[in-house]
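Here is a walk through one protein chain, from its overall fold down to a few side chains worth a look. Keep the viewer open as you read.

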Amino acid sequence: MQDTALPKKALSQDTETDGEPGRAKLTRSDQLRELLEEMIVSGQLRPGTRIDERDLAQKFEVSRTPMREAIKALVATGLLEVHARQGVWVAAVSIPKLMEMFEMMAIYEGQCAKYAARRAMPEEIEQLWAIQKQLEEVLESGDQQKFYDVNDQFHDALYAASHTQFIVEQTRLL
């Protein structure tokens with residue numbers, strides 16, 4: 001595996017809330033899955049790169065069990081592929097497959113929004129409005145990274161307000 005810098009978002013020590021308001025509980029393996037996914041999407045881990053569980057566990061200073069679980073989750077999404085007797089590799093995701101993934105994500109997020117509209121508590125609605133206001137301010141500033149981060153917070157708050165578990169898990173896998 002090539003030597004890559006760790007993404008900006010480090011592992012949170014608070015696995016209960018991931019340190020962010022509105023953030024659903026994330027296990028260590030969920031955090032690792034998100035970080036690896038970010039590395040793949042950003043190009044830090046390129047298609048065809050061999051994934052070494054042991055090296056990654058050392059790099060992120062975690063045990064191999066949550067790393068193994070994170071890798072299995074990314075295999076399930078199609079971002080990683082298992083090659084018999086050769087290990088795990090970053091998949092080359094085709095444009096049609098990527099389009100399908102985004103379509104499914106839109107369906108799942110729509111369901112989360114539908115449930116949030118019905119089930120959100122008043123404080124969750126206030127939080128969504130507050131984050132929406134932040135999004136508008138950041139959009140005007142033109143700071144793309146900050147917009148991405150605040151948008152991520154909005155989606156996390158929306159997922160939490162939906163009070164669903166399975167749909168949120170499926171959405172996060174995409």
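## The overall layout

A quick word on naming: helices (H or I, at least four residues) and strands (E, at least two) are DSSP runs, numbered from the N terminus. One thing to keep in mind throughout is that this is a predicted model.

The chain has seven helices and three strands. Going along the sequence, their order is α-β-α-α-β-β-α-α-α-α. The chain has 174 residues, and 37% of them are buried.

## Helix 1 and its partners

Helix 1 covers residues 28-41, and Ser-29 sits in it. Is Ser-29 buried or exposed? Its relative accessibility is 10%, so it counts as buried, the limit being under 20%. The side chain of Ser-29 also has a polar contact, at 3.2 Å, with the side chain of Glu-69.

Further along, Glu-34 pairs with Arg-172 in a salt bridge, with 3.8 Å between the closest N and O atoms. This pair ties together distant parts of the chain: Glu-34 belongs to helix 1, Arg-172 belongs to helix 7 (residues 166-173), and the two are 138 residues apart. Both partners are tucked away: Arg-172 is buried at 12% relative accessible area, and Glu-34 is buried at 15%. Asp-156 joins in too, as Glu-34, Asp-156 and Arg-172 are linked in a network of salt bridges.

## Glu-53 and two arginines

The structure holds six salt bridges in total. As a general point, side chains of opposite charge can pair when their charged atoms come close. So which residues pair with Glu-53? One is Arg-64, whose salt bridge with Glu-53 has its closest N and O atoms 3.0 Å apart. That pair links helix 2 (residues 53-59), home of Glu-53, to helix 3 (residues 64-77), home of Arg-64, across 11 residues of sequence.

Arg-68 is another partner of Glu-53, again with 3.0 Å between the closest N and O atoms. Here too the salt bridge runs from Glu-53 in helix 2 to Arg-68 in helix 3, with the pair 15 residues apart. As for exposure, Glu-53 is buried at 18% relative accessibility. Arg-64 is partly exposed at 35%, and Arg-68 is partly exposed at 33%.

## Along helix 4

Helix 4 spans residues 95-119, and Ile-95 is part of it. Ile-95 has a relative accessible area of 60%, which means that it is exposed, since the cut-off is over 50%. Together with Leu-98, Met-99 and Phe-102, Ile-95 makes up a nonpolar patch on the surface, with about 420 Å² of accessible area in total.

Have a look at Arg-118 as well, which is also found in helix 4. Arg-118 counts as exposed, with a relative accessibility of 61%. In sequence, Arg-118 and Ala-161 are 43 residues apart, yet in space their C-alpha atoms are 9.2 Å apart.

## Rings

How many aromatic pairs does the structure hold? The count is zero. There is a charge over a ring, though: Lys-114 lies over the face of Tyr-115, at 5.9 Å from the ring centre.

## Two loop residues with positive phi

Most residues other than glycine have a negative phi. Glu-61 has a positive one, near 55 degrees, and is not a glycine. You'll find Glu-61 in the loop between helix 2 and helix 3. With a relative accessible area of 73%, Glu-61 is exposed.

His-163 is another residue to check: its phi is positive, at about 55 degrees, although it is not a glycine. His-163 lies in the loop between helix 6 (144-162) and helix 7. At 42% relative accessible area, His-163 is partly exposed.

How values were computed
Residues are numbered from 1 along each chain as its sequence is written. This is a predicted model: local features need pLDDT of at least 70, side-chain atom pairs count only at pLDDT 80 or more; totals for chains, interfaces and linings use all residues. Side-chain values use heavy atoms; hydrogens and water are left out. Patches are made of residues with over 30% relative accessible area and no salt bridge: like charges are joined within 9 Å, nonpolar side chains (Val, Leu, Ile, Met, Phe, Trp, Tyr) within 5 Å. Accessible areas come from the Shrake-Rupley method with a 1.4 Å probe; for residues, only the protein chains shown count as cover. A salt bridge is a side-chain nitrogen of Lys or Arg within 4 Å of a carboxyl oxygen of Asp or Glu. Buried means under 20% relative accessible area, exposed over 50%, partly exposed in between (1.4 Å probe, protein chains only). Rings of Phe, Tyr and Trp (its six-membered ring) pair if their centres lie within 6.5 Å; planes under 30 degrees apart count as stacked, over 60 as edge-to-face and the rest as tilted. A charge sits over a ring if NZ of Lys or CZ of Arg is within 6 Å of the ring centre and within 35 degrees of the ring normal. A polar contact is a pair of N or O atoms within 3.5 Å; within protein, one must be able to donate a hydrogen and the other to accept it, and residues adjacent in sequence count only if both atoms are side-chain atoms.
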